[in-house]
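Visitor: I'd like to learn how to read a model like this one. Could you walk me through it, feature by feature?

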Amino acid sequence: MIDIQLIRDDAQGVAEQIGRRGSLPDLGEVLELDTRRRQIIASSESKRAEMNEASKAIGMKKKAGEDASAEMAATAEIKKAIAAASEELSVIEKDLRDRLLVIPNIPSSDIPTGTSEDDNLELKKWGEIPELSFEPQAHDDLGKDLGIMCAETGVKLAKTRFTLLRGAAARLERALINFMLDMHAKKGYEEILPPLMANSNTLTGTGQLPKFAEDLFHIEGEDLYLIPTAEVPLTNMVASQVLKNLEPGKPMKFMAYTPCFRSEAGSYGKDTKGYLRQHQFNKVELVKITHPDDSAAEHLSLTEDAESILQALKLPYRLVDLCTGDIGFSAQRTYDIEVWLPSQNTYREISSCSNFGDYQARRAGIRFKDKATKKNHIAHTINGSGLAVGRTLVAIFENYQQADGDIIVPEVLRPYMGGQTSLKI
RNA sequence: GGAGAGGUGGCUGAGUGGUCGAAAGCACAUCCUUGCUAAGGAUGCGUAGGUUUAUCCUACCUAGGGUUCGAAUCCCUACCUCUCCGCCA
């Protein structure tokens, strides 16, 4: 949620900034509701004060053994007025909240304005694109030939967009998970093993609900959803809390390996082949809860933490600053890391690292106490994939493939693979 | 799933109809003491909203309804927790 005070101060300016995403939000209704809300609060609260006064007087009289029936009769009218006002108020507040919840975050002022990924800004490229003396094969063909990546079996067991890994691929996926967690542990992230389901309140905190319910798998008959990313449980761990020790330079850092579940509604026909876009995929997620003063710096360093995995695996990638039309609903700035895929002759997203500013934290009620002023303020939240495990496996298959269809195991992973140096036909 | 008990501030825990936003202790902060010394003392210390920004008002004792002039306290519902039984990795 964006700060209502910003809209009060300069609705036009806020609308224009959000408008950089592509469509201008209508903040007029919000502004009207906010004004009306404050009017009703003012009048109903003075009525309540009157009522409290009267009740207190009645109590005194009764205690003194006097008759208070006249005073008691007089409260009836005040009571009616309070009831009417509070009913209108609750309607207005719900309406206002519902509207605020579907307004996206204000994009950072210094990111490129644009309408699609074509307008994203490339910040850097890392690594050598492999010069192959043969036509590179797609990862799913390589996996199929090796007998270790079985799309048909996944479909048989569940439905389309499910894949079963076996043997060396299953082990490689597990090796990647352990490798990533071990790397990030050295950077001070605390490992978390969260629930894989979350309730609607939790999903509202990070912004998936109410607007994007159709992207989630819902558990029938329960207020529970399968998590689309570990961002949801990790960020909401500290929801509704006032953090006592959050200072600049001392962010809270969490990481988790979890499967992620996405309905992929609206992505029909996109990436239907292969292991790139699945209903279920593994991811190691990094989350930071930070002081507002250093969220930008912590965002950069979290992105570097994600990059360090690709560097250790020697996989070529590029770093992209997403434009206003491509960043997510809750984000104010997002750096995407895109890994090179030889069979597609292009870079594909493998990590998305976002700074949400105070947007998620306001929704989730994540605050910290400023030690100097003793006031509470809204914290900032940051998260990023470190990395998407399935897509990393894809990148290894493709970048480490040999002319004969074998796949070399990256050196840093060999200790996690029992010393195995290659996956062989 | 069956039976019972319960949900109060960062924590422990009093409070069963009025002056209770809530005793006490712990923790925390500032200060004092330094022959009670891994201590003693003083003071402060919940969250949010509104506004005429005042040591003013309002709301909040899991959540939502209800009774009452008045509810942390009584009633109903939901959720959650604990104990016992059953089941189970």
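Visitor: Let's start with the RNA. Which residues come nearest to RNA strand B?

Guide: Keep in mind that this is a predicted model. To read a surface like this, pick out the residues near the strand, then ask which elements they belong to. Here 19 residues surround RNA strand B, and Arg-48, Ala-49, Ser-55, Ile-58 and Gly-59 come nearest. Two elements, helix 2 (28-63) and helix 3 (69-101), each give two or more residues to that surface.

Visitor: And which element gives the largest share of the surface near RNA strand B?

Guide: That's helix 2, with 13 residues. Sorted by class, the surface near the strand has 7 nonpolar, 5 polar and 7 charged residues.

Visitor: How do I judge burial for a single residue, say Ala-84? Is Ala-84 buried or exposed?

Guide: Count C-beta neighbours. Ala-84 sits in helix 3. It has 13 such neighbours inside 10 Å, so Ala-84 counts as partly exposed, since exposed would need 12 or fewer and buried 20 or more. For the whole of chain A, buried residues make up 39% of the 425 residues.

Visitor: How far apart in space are Ala-84 and Asp-141?

Guide: Set the sequence gap beside the distance. These two are 57 residues apart in sequence, and their C-alpha atoms are 68 Å apart. For scale, the C-alpha atoms of chain A fill a box of roughly 100 × 45 × 40 Å along the principal axes.

Visitor: Now helix packing. At what angle do helix 4 and helix 11 cross?

Guide: Look at the axes, then at the residues in between. Helix 4 (residues 139-146) and helix 11 (residues 389-399) have axes that come within 9 Å and cross at roughly 80 degrees. That makes the two helices roughly perpendicular. On the helix 4 side the contact uses His-139, Leu-142 and Gly-143, while helix 11 brings Val-394, Phe-397 and Glu-398. By class, that's 3 nonpolar, 2 polar and 1 charged residues.

Visitor: What about the core? Which residues touch the most other members of the largest nonpolar core?

Guide: In a core, look for the well-connected members. This one has 90 residues, and Val-339, Leu-387 and Leu-393 touch the most other members. Take Leu-387: beyond its neighbours within four places in sequence, its contacts are Met-180, Val-284, Ala-306, Ile-309, Ile-350, Ser-351 and Thr-392.

Visitor: Last one, the overall fold. How many helices and strands does chain A have?

Guide: It has 11 helices and 17 strands. Then check contact range: among contacts between residues at least 6 apart in sequence, 72% join residues at least 24 apart.

Terms used: Residues are numbered from 1 along each chain as its sequence is written. Chains are lettered from A and ligands numbered from 1 in the order in which they are written. This is a predicted model: local features need pLDDT of at least 70, side-chain atom pairs count only at pLDDT 80 or more; totals for chains, interfaces and linings use all residues. Axes are lines fitted to C-alpha atoms, for helices over the stretch in contact, and angles run from 0 to 180 degrees between N-to-C directions. Helices (H or I, at least four residues) and strands (E, at least two) are DSSP runs, numbered from the N terminus. Angles under 35 degrees count as roughly parallel, over 145 as roughly antiparallel, 65 to 115 as roughly perpendicular and the rest as oblique. Two residues are in contact if their C-beta atoms, placed from the backbone, lie within 7 Å. Ala, Val, Leu, Ile, Met, Phe, Trp, Tyr, Cys and Pro count as nonpolar, Asp, Glu, Lys and Arg as charged, and the others, Gly among them, as polar. A residue is near a molecule or strand if its C-beta atom, placed from the backbone, lies within 6 Å of it. A nonpolar core is a set of buried Ala, Val, Leu, Ile, Met, Phe, Trp, Tyr and Cys residues joined through C-beta atoms within 7 Å.
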